[in-house]
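Here are some notes to read with the structure open beside you. They deal with one pair of helices and with some charged side chains.

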Amino acid sequence: MISNNDVSSGTAENFSYEDDNIEYDSSIQSYQSVGEGIPIFEEGKFQLYQIENEAEFNIKISEDKLKALIDVYPPRKGFEKLHIEDIMGELKLLKISNGIDKHNIELIIESSVENSMAKLDILIARGTDKSDGVDARIDYSIKTKIDFKPQTSDDGRLDFYNINTIQSVKQDQILAKYIHHIDGKDGKNIYGEAINAYKPIKLNKPSGANTYFKENDPNTVYAKESGSVFISGGKINISKVFNIPENVDFSTGNIEFNGSVQIKGDILSGFVVNVGGNLEVGGCIEDAKVKCEGNISVKHGFTGKGDGVIKSDGDVHVKFVNNQTIFAKGVILIEKEAVNSKLYSKNEIHVNGSRVSIAGGYVIAKNKVEVDTIGNEYKVPTVVEVGYDYENPVNIEKLKEKINELKSQFIIFTKEIFKLQTIGRLNTQMKSSLKLLIENKINYSKIYSAISDTSNELNSINETINKAIALTNLDDANKKKLKMLIDKVTEISLETFKKQSELKKLKDEIYNPSKAIIIVKKTIYPGSVLMINKVKKIIDKEIINKRFLLSAENEIISV
């Protein structure tokens, strides 16, 4: 604290002041106090902080609750200085408990008294900030998804012949690098509250069939042999491509291969081709059955009497389709026309025939159909539908059959339980108690299966059931059988519950109108029918170059 004393020996150009208690004496080029108080210098300006009698302090908390700062103002002469207990008491009132620096608080108090100077923004408590974890990642050196886009020739035209659906690699080629996750570390603020760090995503190394790691490079995936590479279940796999130099016919028989297949010629009528990877056909496919877990590329057409079926878990690219059926979980891309055919995609369908794109037949895609034309001038009936998952109805029927089967099993095992109750001469009360216990076990099993947890209640019910069985007049073999039957009934009930939940989910997911759209770049003809999310629109006149989608009023509109 000062009184009528020199504040600073600096020049007027060095400092400024905003206080009636400070004057500048030009004769001695210094600032003088004309009042009494604590000198404070902030942002290039002097002020005198007036203290009546007692020492004062003020605690400030940072926005992130990681720091506590204090301003300390010493007392006038003759008055008692601050004590550490004063500040510690205030910290306790503020519920600040973590990272308190008592030693620094003592130094601040002593320093402010000795120098008669205010101490501002002094750190007295510091929390520990969190350290977020870092996700594991895989840096692939291969394509993880085939774009399935045609290349552009020098004259600007799309070259549909150069779409490489099989990605080949050479022996010892680097496929991917695995980067480990970094664990995070939780923090704690000055209130002792936990600050949760980000928990990183952990990944397994993506090494699959015919890949390896080097001893001195354990996080890089290499190709063990040359072949076709594909990713399945998060693993990089390599399979040697099986080459067929001619047609698939009587000289080869049916084809089944876990990897990828390249067929130079045609797949003739009546033959079956099952491929675990990708499939390339250099010719055409007739009335054959083709199933593929990867992508399918057919250089020419898919044509016949209507007995041919292609099923692909990936994309399908074919030059034209006539009177045949294609199922694809990915994109269906047809270079020219699709006539009197059935096309089903869980993604998109593109047909690029300029004069005729889709004429006759039924076309379904979950997200989008994009074509040049729909129908023709002869008004051939042609249906195009989007917003619909073609697989769900089949899965729904399978689930219904499974649920009925489980219900039949439940009835059979329940009858067996009733028989044993009769053999064991259970009275009405015991039967009711056992029935209630079984019902409770089934209900608790459903509850705790949904949260992947075990239950003390469920364990208690099992113990009570065992005691009830022990009280019956059944011999040991039948007691054991009754316990088995109760477990089986519970298991069947739980499985039925799960299947019924799956059934409801599938029914809800059949229609997905959120992004469903039909794009016609040229003409849609009368006789065509458009469907979006169950809503039907019959085309009664030619419409040119329109996009069809579902409005907020649940009507198909063109834009």
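1. Start with the pair Lys-368 and Glu-370, in what is a predicted model. The side chains of these two residues meet in a salt bridge, at 3.5 Å from N to O. Are Lys-368 and Glu-370 buried or exposed? Both Lys-368 and Glu-370 are buried, as each has a relative accessible area under 20%.

2. That pair belongs to a longer list: the structure holds 19 salt bridges. I only go through some of them here.

3. Next, have a look at Lys-60, which forms a salt bridge with Asp-71. The closest N and O atoms of this pair are 3.1 Å apart. Lys-60 sits in strand E8 (residues 56–61) and Asp-71 in strand E9 (residues 67–73), so the bridge ties together parts that are 11 residues apart in sequence.

4. The two ends of that bridge are worth checking for burial. Lys-60 is partly exposed, with a relative accessible area of 29%. Asp-71, on the other hand, is buried, with a relative accessible area of 7%.

5. Some charged residues come as a group. Which residues are linked with Lys-346 in a network of salt bridges? They are Lys-366, Asp-389 and Glu-391.

6. Now for the helices. Helix H3 covers residues 391–423 and helix H6 covers residues 476–509. Their axes come within 9 Å and cross at roughly 160°. Angles over 145 degrees count as roughly antiparallel, and H3 and H6 are therefore roughly antiparallel to each other. The crossing of H3 and H6 is left-handed.

7. What kinds of residues make up the contact of H3 with H6? There are 16 nonpolar residues, eight polar ones and 11 charged ones.

8. Stay on H6 for one more salt bridge, the one Glu-491 forms with Lys-488. Here the closest N and O atoms are 3.7 Å apart. Glu-491 and Lys-488 are three residues apart in helix H6, which means that about one helical turn separates them.

9. How accessible are the two partners in H6? Glu-491 counts as partly exposed at 48% relative accessibility. Lys-488 also counts as partly exposed, at 29%. If you set this beside point 1, recall that Lys-368 and Glu-370 are both buried.

Terms used: Residues numbered from 1 in each chain as written. Predicted model: local features only at pLDDT ≥ 70, side-chain atom pairs only at ≥ 80, totals over all residues. Heavy atoms only, no water. Axes fitted to C-alpha atoms, helices over the stretch in contact; angles between N-to-C directions. Helix = DSSP H or I, 4+ residues; strand = E, 2+ residues; numbered from the N terminus. Parallel < 35°, antiparallel > 145°, perpendicular 65-115°, else oblique. Left-handed = near helix turned anticlockwise from the far one by under 90°. Nonpolar A, V, L, I, M, F, W, Y, C, P; charged D, E, K, R; others polar. Salt bridge = Lys/Arg side-chain N within 4 Å of Asp/Glu carboxyl O. Buried < 20%, exposed > 50% of the residue type's maximum accessible area, 1.4 Å probe, protein only.
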